[in-house]
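Here is a colleague's note on the structure shown below, set out as numbered points. The topics are enclosed space, aromatic contacts, the nonpolar core and backbone angles.

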Amino acid sequence: MNKLLLVLTWTAVSALTNVTADAADMAPALPALALSKNLKSAVPLPMAEADLPSVVAREYFKVSEKPLQLECPTFDAQGDLIFCEVFGGTVFRLTPDKKLSSFVPDPELRPAGLAVHKNGRTYMAELGDFVARGSVVSMAADGTDVQPIVSRDAGFLPDDLVFDKQGGFYFTDFKGGSSTPTGGVYYVGPSGGEPVLVVPNLRIANGVGLSPDGKTLWVTELAGGLLHKVSLSNPTTIAPFGSSVVYSFVGGGPDSLRIDADGNVYVAIYGQGRIMVFNPAGFPIGQYLLPGRDQGHNLRSTSMVIRPGTDELLIFTNDWDKGQGSTIFVGRALAQAAL
């Protein structure tokens, strides 16, 4: 009797299993996402930007096997490339034949921006204590004779700077956060004096540049993920209705910017291993991608510079904890460097 019951039970279970399997075969498949290769990248290109004309930059010079936070590239009167490392306070010099040297103007300085004045002195925007005691200093070409321009006691965090044709300069105040718009852009005239606020209420103002005619100021807002286009009536006054946000970055990270002779704007995107290019009206028109970005390498793209008299675009990045050190990459810009 028990054997018969066992056989009947097993037969019923087998029948039920077959019915369930048949029903599963007949049921529609569960909805599933089919991701493209691009979207599987460590840093996917946003859909609106994936079809932009793109080129992969190639390696130009390996600065270090260490992950140095490279920033502030510019060229001096001799044609040497100078740039800096933020946390160590080091200023590097790379000659056209790729001979690298370095100096530390002052071990207390934390350089984030460099620009060469028409008098030959190099101006440095530096972040000081990264809270409220940064400064702008000037120095001789070899890093000696460091002189204060904007004192640390003034309460700014200067991150980047650009000269106008009169010899005054704009600098970004690297303060605030995504919900605290306490940064801005300030102007110091050719004769010095107190910085004058030009663009207020920014969330970590970062990159700054001027159009070739000096009438348009471009600014990136790191924590806000924005690109600002600002028309100027004079060096310290925004033209009526002259300030606008022309682009919002997906994933954030707009860092330093540079402008070519045609007025195109190049923006380094920190954490994404790429440079975006905008035309003078603020429309995105192309991008430079760094090798290895899809695998998570070379993502800390901070800045770029165009070699004077050429269209050679040099891009600065570091690989942080991924083992590929600090590198300069190169591509061809859309136009030559602005004068």
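**Notes on the predicted model**

1. The cavity. The structure, which is a predicted model, holds 1 cavity of 30 Å³ or more. The space in the largest cavity comes to about 40 Å³, and its lining is made up of Ile-82, Val-91, Arg-93, Phe-103, Leu-114, Thr-122, Met-139 and Ala-141. Sorted by class, this lining has 6 nonpolar residues, 1 polar and 1 charged.

2. The largest pocket. The volume of the largest pocket is about 990 Å³. Its lining comprises 32 residues, of which Thr-74, Val-162, Phe-163, Ala-338 and Leu-339 are the closest to the pocket centre. By class, the lining of this largest pocket consists of 19 nonpolar, 7 polar and 6 charged residues.

3. Strands around the largest pocket. Which strands each supply at least two residues of the lining of the largest pocket? They are β3 (70-75), β7 (111-116), β11 (158-163), β15 (205-210), β19 (254-259) and β23 (303-306). The greatest contribution to the lining of the largest pocket is that of β11, which gives 4 residues.

4. The second largest pocket. A volume of about 220 Å³ is found for the second largest pocket. It is lined by 13 residues, and those closest to its centre are Gln-69, Glu-71, Leu-127, Asp-159 and Phe-174. The class division of the lining of the second largest pocket is 8 nonpolar, 2 polar and 3 charged residues.

5. Aromatic pairs. The count of aromatic pairs comes to 15. One of them joins Phe-169 and Phe-171, whose rings lie 6.3 Å apart centre to centre with 40 degrees between the planes, and this pair is classed as tilted. Phe-169 is buried, with a relative accessible area of 2%, and Phe-171 is likewise buried, at 0% relative accessibility.

6. The pair of Tyr-170 and Tyr-187. Why does the pair of Tyr-170 and Tyr-187 count as tilted? The planes of the two rings stand at 50 degrees, with the ring centres 4.7 Å apart, and the pair is therefore tilted because pairs with planes neither under 30 degrees nor over 60 degrees apart are put in that class. Tyr-170 belongs to strand β12 (residues 169-173) and Tyr-187 to strand β13 (residues 183-189), so the pair ties together parts that are 17 residues apart in sequence. As for accessibility, Tyr-170 is buried at 2%, and Tyr-187 is buried at 6%.

7. An aromatic cluster. Phe-169 and Phe-171 also belong to one aromatic cluster, together with Tyr-123, Phe-156, Phe-163 and Tyr-186. Phe-163 thus deserves a second look, since this member of the cluster is also among the residues closest to the centre of the largest pocket.

8. Charges over rings. The ring of Tyr-60 has the charged end of Lys-98 over it, at 4.2 Å from the ring centre. In another such arrangement, Arg-300 is placed over the face of Trp-320, with a distance of 3.8 Å to the ring centre.

9. The nonpolar core. There are 15 residues in the largest nonpolar core, and those with the most contacts inside it are Leu-81, Phe-83, Leu-314, Phe-316 and Ile-328. At least two residues of this core come from each of β2 (58-64), β3, β4 (81-85), β5 (90-94), β24 (312-318) and β25 (326-332). The strand that gives the most to this core is β2, with 3 residues. Strand β3 appears in both settings, as it supplies at least two residues of this core and at least two residues of the lining of the largest pocket.

10. Backbone angles. Most residues other than glycine have a negative phi. Against that background, phi of Asn-201 is near 60 degrees, a positive value, and phi of Asn-298 is near 55 degrees, also a positive value. Where do these residues lie, and is each buried or exposed? Asn-201 is placed in strand β14 (residues 192-202) and is exposed, at a relative accessible area of 56%. Asn-298, by contrast, is in the loop between β22 (284-289) and β23 and is buried, at a relative accessible area of 2%.

Terms used
Residues are numbered from 1 along each chain as its sequence is written. This is a predicted model: local features need pLDDT of at least 70, side-chain atom pairs count only at pLDDT 80 or more; totals for chains, interfaces and linings use all residues. Side-chain values use heavy atoms; hydrogens and water are left out. On a 1 Å grid over the protein atoms alone, a cavity is a set of points where a 1.4 Å probe fits but cannot get out, and a pocket is an open set with protein on both sides within 12 Å along at least five of seven lines; lining residues have an atom within 4 Å of a point. Grid points are joined across faces, edges and corners, and a volume is the space filled by probe spheres set on the points. Ala, Val, Leu, Ile, Met, Phe, Trp, Tyr, Cys and Pro count as nonpolar, Asp, Glu, Lys and Arg as charged, and the others, Gly among them, as polar. Rings of Phe, Tyr and Trp (its six-membered ring) pair if their centres lie within 6.5 Å; planes under 30 degrees apart count as stacked, over 60 as edge-to-face and the rest as tilted. Buried means under 20% relative accessible area, exposed over 50%, partly exposed in between (1.4 Å probe, protein chains only). A charge sits over a ring if NZ of Lys or CZ of Arg is within 6 Å of the ring centre and within 35 degrees of the ring normal. A nonpolar core is a set of buried Ala, Val, Leu, Ile, Met, Phe, Trp, Tyr and Cys residues joined through side-chain atoms within 4.5 Å.
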